[in-house]
Amino acid sequence: MDFALTEEQQMIVDTVRGFVEAEIYPHENEVERTGIVPKELGQEIAQKCKDLGFFACNMPEEVGGAGLDHQTFTLVERELGRGSMGLTVFFGRPSGILMACNDEQREKYLIPAVKGEKFDALAMTEPDAGSDVRGMKCFAKPDGDDWIVNGTKHFISHANIADFVIVFIATGEEQTPRGPKKKITCFLVDRGTPGFEIRNGYDSVSHRGYKNCILSFDDCRLPSSAILGEVHKGFDIANDWLYATRITVAATCVGRARRVFDYALPYAAERKQFGKPIGANQGVSFKLADMITEIDAADYLTLAAAWRLDQKLPANREIASAKLYASEMLSRVTDEAIQIYGGMGLMDDLPLARFWRDARVERIWDGTSEIQRHIISRDLLRPLGA
């Protein structure tokens with residue numbers, strides 16, 4: 001494993017970081033204050049991303065993307081993690097699940113998503129089905145060649161800007177040693193489909209401007225042509241998506257933690273109390289040592305997980321470890337940065353309180369810390385028959 005960046009990778013890192021600093025940072029305070037990203041601003045960010053050639057950089061070249069490997073794309077996500085998610089969402093990374101589109105669906109959904117003509121969102125979570133996704137109640141019943149859908153999804157990220165939604169819906173039930181479990185099918189649902197409504201979700205303390213939404217299905221009729229993949233095989237494509245999103249969470253946590261550290265380090269060197277810099281005291285200097293050690297550890301865990309995917313090696317446990325450690329690391333680092341700043345760390349004059357609040361959700365979405373620990377421990381114990 002060699003984590004030394006190639007010349008191309010270093011160029012990509014520098015370009016994306018420059019983009020975030022020039023195009024994202026200047027708007028963050030206003031988005032934090034209002035909780036809103038004006039439509040025109042989102043379109044402007046997306047267009048500038050296209051002009052740079054980075055839109056859909058996670059998608060293969062054969063469909064119009066940049067075809068970045070997992071490790072290089074992880075570096076992109078790490079740099080985007082430095083900025084407000086309400087703004088960086090317009091950088092444009094369509095869901096990799098869309099690669100499962102058939103020919104007709106490619107023309108209607110995949111290609112427009114890669115070109116930035118349409119935005120997608122992905123819906124799995126329900127009020128009574130979070131970590132237990134097979135317990136979902138949103139159900140589709142066959143009706144001739146169509147499916148009739150009823151139910152609700154919530155916590156659906158950035159569905160407010162989506163032109164269509166990739167929705168996982170129960171379409172049957174099977175018996176397992178642990179009792180009945182739902183069979184899941186993936187559907188592509190256009191905004192404006194009769195019986196389908198996208199509503200504003202809940203106000204969150206984390207990632208203001210990055211909206212969550214509630215999706216309602218009321219006798220919504222979907223044709224069989226809306227099925228992505230095969231009936232009852234939704235989890236076959238969901239697992240690949242979960243790999244990608246969990247690495248993304250880990251990478252963005254690392255990027256945000258490095259931005260936080262960039263505030264804490266010079267402040268500790270410049271701020272004086274009792275006639276000397278506070279960083280000269282072990283109570284502060286040791287915090288800095290722990291912070292950078294944890295940041296580097298999370299960074300290497302994340303890159304190692306991405307490297308395994310590039311090598312076609314099993315990576316389920318490694319991805320879970322990266323997501324678990326990086327998300328919990330970010331909470332510790334932001335908390336320590338505020339402690340170094342003292343009372344000023346909690347003031348709106350600095351973004352530290354925002355980073356601190358934003359960090360909290362990272363341990364919940366895309367699989368809670370408890371779910372990650374379950375994945376890791378299961379991977380370790382199953383080969384031993386436990």
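A helix crossing is right-handed if the near helix is turned clockwise from the far one by less than a right angle, and left-handed if it is turned anticlockwise. The legends describe a predicted model, in which local features need pLDDT of at least 70 and side-chain atom pairs count only at pLDDT 80 or more, while totals for chains, interfaces and linings use all residues. Residues are numbered from 1 along each chain as its sequence is written, and side-chain values use heavy atoms, with hydrogens and water left out.

**A. Setting of the close-ups: a protein chain with ten helices and ten strands.**
The ten helices and ten strands of the protein chain are DSSP runs numbered from the N terminus (helices H or I, at least four residues; strands E, at least two). The radius of gyration, taken over C-alpha atoms, is 22 Å, close to the 21 Å that the globule rule gives for 386 residues, so the protein chain is as compact as a globular protein of that length (the rule is 2.2 Å times the number of residues to the power 0.38). Along its principal axes, the C-alpha trace spans about 80 × 55 × 40 Å. Of the 386 residues, 51% are buried (under 20% relative accessible area, with exposed meaning over 50% and partly exposed in between; 1.4 Å probe, protein chains only). Among contacts (heavy atoms within 4.5 Å) between residues at least 6 apart in sequence, 75% join residues at least 24 apart.

**B. Packing of helix α3 against helix α7 in a right-handed crossing.**
Helix α3, residues 70–80, packs on helix α7, residues 282–310, at an angle of about 145°, and their axes are 8 Å apart (axes are lines fitted to C-alpha atoms over the stretch in contact, with angles from 0 to 180 degrees between N-to-C directions). On the α3 side the contact is made by H70, Q71, T74, L75 and R78, which meet D299, T302, L303, A306, W307, L309 and D310 of α7. Five of the residues in this contact are nonpolar, four are polar and three are charged (Ala, Val, Leu, Ile, Met, Phe, Trp, Tyr, Cys and Pro count as nonpolar, Asp, Glu, Lys and Arg as charged, and the others, Gly among them, as polar).

**C. Surroundings of helix α3, a mostly covered helix.**
Ten of the eleven residues of α3 are buried, namely Q71, T72, F73, T74, L75, V76, E77, R78, E79 and L80. These buried residues pack against α1 (7–34), α4 (85–88) and α6 (234–270), as well as against α7. At the start of α3, the backbone nitrogen of Q71 has a side-chain oxygen of D69 within 3.3 Å.

**D. Two loop residues other than glycine with positive phi, A56 and H232.**
A56 sits in the loop between α2 (39–52) and α3, and its phi is near 60°. This alanine is buried, with a relative accessible area of 0%. H232, in the loop between β8 (227–228) and α6, has phi near 70°, and this histidine is partly exposed, with a relative accessible area of 33%.

**E. R363 and S369, a contacting pair of residues.**
R363 belongs to the loop between α9 (352–361) and α10 and is partly exposed, with a relative accessible area of 24%. Not counting residues up to four places away in sequence, R363 touches K323, S327, E328, S331, T368 and S369. The C-alpha atom of R363 is 8.3 Å from that of K323, although the two residues are 40 residues apart along the chain. The side chains of R363 and S331 make a polar contact at 3.2 Å (a pair of N or O atoms within 3.5 Å, of which, within protein, one must be able to donate a hydrogen and the other to accept it; residues adjacent in sequence count only if both atoms are side-chain atoms). S369 lies in helix α10, residues 369–381, and is buried, with a relative accessible area of 3%. Leaving aside neighbours within four places in sequence, S369 is in contact with L324, S327, E328 and R363.

**F. Y109, a buried residue of helix α5.**
Y109 is found in α5, which covers residues 103–115, and has a relative accessible area of 5%. When neighbours within four places in sequence are left aside, Y109 is in contact with F164, L188 and D190. The side chain of Y109 also makes a polar contact with the side chain of K108, at 3.5 Å. Between Y109 and S224, which are 115 residues apart in sequence, the C-alpha to C-alpha distance is 15 Å.
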